[in-house]
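Me: Could you take a close look at one part of this model for me? I'd like the disulfides, and then whatever is built around them.

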Amino acid sequence: QVRLVESGGGSVQAGGSLRLSCTASGLPYTENCIGWFRQGPGQRREAVASIHTTTGTTYLSDSVKGRFTVSHDNAASTTFLQMANLKPEDTGTYYCGAEDWYTPTWDRCMTESKYDDWGQGAQVTVSS
């Protein structure tokens, strides 16, 4: 059974930094897209960043490019989302998802509907 556990959320002022972690267990395959998605109040869940665990290919949405980075530690089965220069519009619940793909593409790794397994979410609040 796949289990994803996020940690590292919190409250910061604009311009601050946070690092989210997503630890996976029970993944049946080694080739996976691990994606970070966020959902603000009254908004749809949107893709933020993703990484392919075998190729290391990363994807970032335009809204976070230059501020967020995504990385993966295979030995720890943990994916990180390093967030810097946070803005109030980054506020929301951040979810990590996992889906097995041998070959990553933007569509496969950055589309919510392509993911079957999700964590419980981590709250990020950025105040102005």
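Reply: Here is a walk through the disulfides, followed by the sheet, the cores and a few single residues around them. Keep in mind that this is a predicted model.

Let's start with the count: searching the whole structure turns up two disulfides. A disulfide, in general, is a covalent bond between the sulfur atoms of two cysteines. One of the two here is formed by C22 and C96, with the sulfur atoms 2.1 Å apart. This pair links distant parts of the chain, since C22 belongs to strand β3 and C96 to strand β9, with their positions 74 residues apart in sequence. The C22 and C96 link is right-handed, with 65 degrees about the S-S bond. What about accessibility? C22 counts as buried, at 1% relative accessibility, and C96 is buried as well, with a relative accessible area of 0%.

The other disulfide joins C33 to C109, S to S 1.9 Å. C33 sits in strand β4 while C109 is in helix α1 (residues 106–109), so this pair ties together parts that are 76 residues apart in sequence. Both C33 and C109 are buried. If you number the bonded cysteines in sequence order, the pairing reads 1-3, 2-4.

Now back to C22 and the strands around it. Across from C22 in β3 stands E6. The strands β1 and β3 pair in the antiparallel sense, over five bridges. They are part of an open sheet of four strands, in the order β1-β3-β8-β7, with antiparallel pairing. The edges are taken by β1 (3–7) and β7, each with a single partner strand, so each has one side left without a neighbour in the sheet. From one strand to the next, the twist averages 15 degrees.

Next, the nonpolar packing. The largest nonpolar core has 24 residues, and those with the most contacts inside it are L20, W36, V48, F68, L81, M83 and Y94. At least two residues of this core come from each of β3 (18–25), β4 (32–39), β5 (46–52), β7, β8, β9 and β11 (122–127). β3 gives the largest share, four residues. For a view from inside, try F68: beyond residues up to four places away in sequence, F68 touches R38, V48, L60, L81, Q82, M83, A84, L86, D90 and Y94. Apart from the largest core lies another one, of seven residues, and C109 is among them, as are A47, Y59 and M110. That brings us back to the disulfide between C33 and C109.

C33 also shows up in the surroundings of H52. H52 has its place in strand β5 and is buried, with a relative accessible area of 1%. Leaving aside neighbours within four places in sequence, H52 is in contact with E31, N32, C33, T57, W101, Y102, T103 and P104. With W101 there is a specific feature to look at: a polar atom of the H52 side chain lies 2.7 Å from the backbone oxygen of W101.

β9 is worth a second visit too, this time at G92. G92 is found in strand β9 and is buried, at a relative accessible area of 2%. Not counting residues up to four places away in sequence, G92 touches Q39, G40, A122, Q123 and V124. G92 and R38 are 54 residues apart in sequence, yet 6.0 Å apart in space, C-alpha to C-alpha. R38, you may recall, is also one of the residues that F68 touches.

Last, two backbone oddities in the loops. S77 has a positive phi of about 50 degrees although it is not a glycine. Where is S77? In the loop between β7 (68–73) and β8 (78–83), and S77 is partly exposed, with a relative accessible area of 30%. N85 also has a positive phi of about 50 degrees without being a glycine. N85 lies in the loop between β8 and β9 (92–100), and N85 is partly exposed, with a relative accessible area of 43%.

Definitions and conventions. Residues numbered from 1 in each chain as written. Predicted model: local features only at pLDDT ≥ 70, side-chain atom pairs only at ≥ 80, totals over all residues. Heavy atoms only, no water. Buried < 20%, exposed > 50% of the residue type's maximum accessible area, 1.4 Å probe, protein only. Contact = heavy atoms within 4.5 Å. Core = buried A, V, L, I, M, F, W, Y, C linked by side-chain atoms within 4.5 Å. Disulfide = S-S within 2.5 Å. Pairing = 2+ DSSP bridges. Axes fitted to C-alpha atoms, helices over the stretch in contact; angles between N-to-C directions. Polar contact = N/O pair within 3.5 Å; in protein donor to acceptor, adjacent residues only side chain to side chain.
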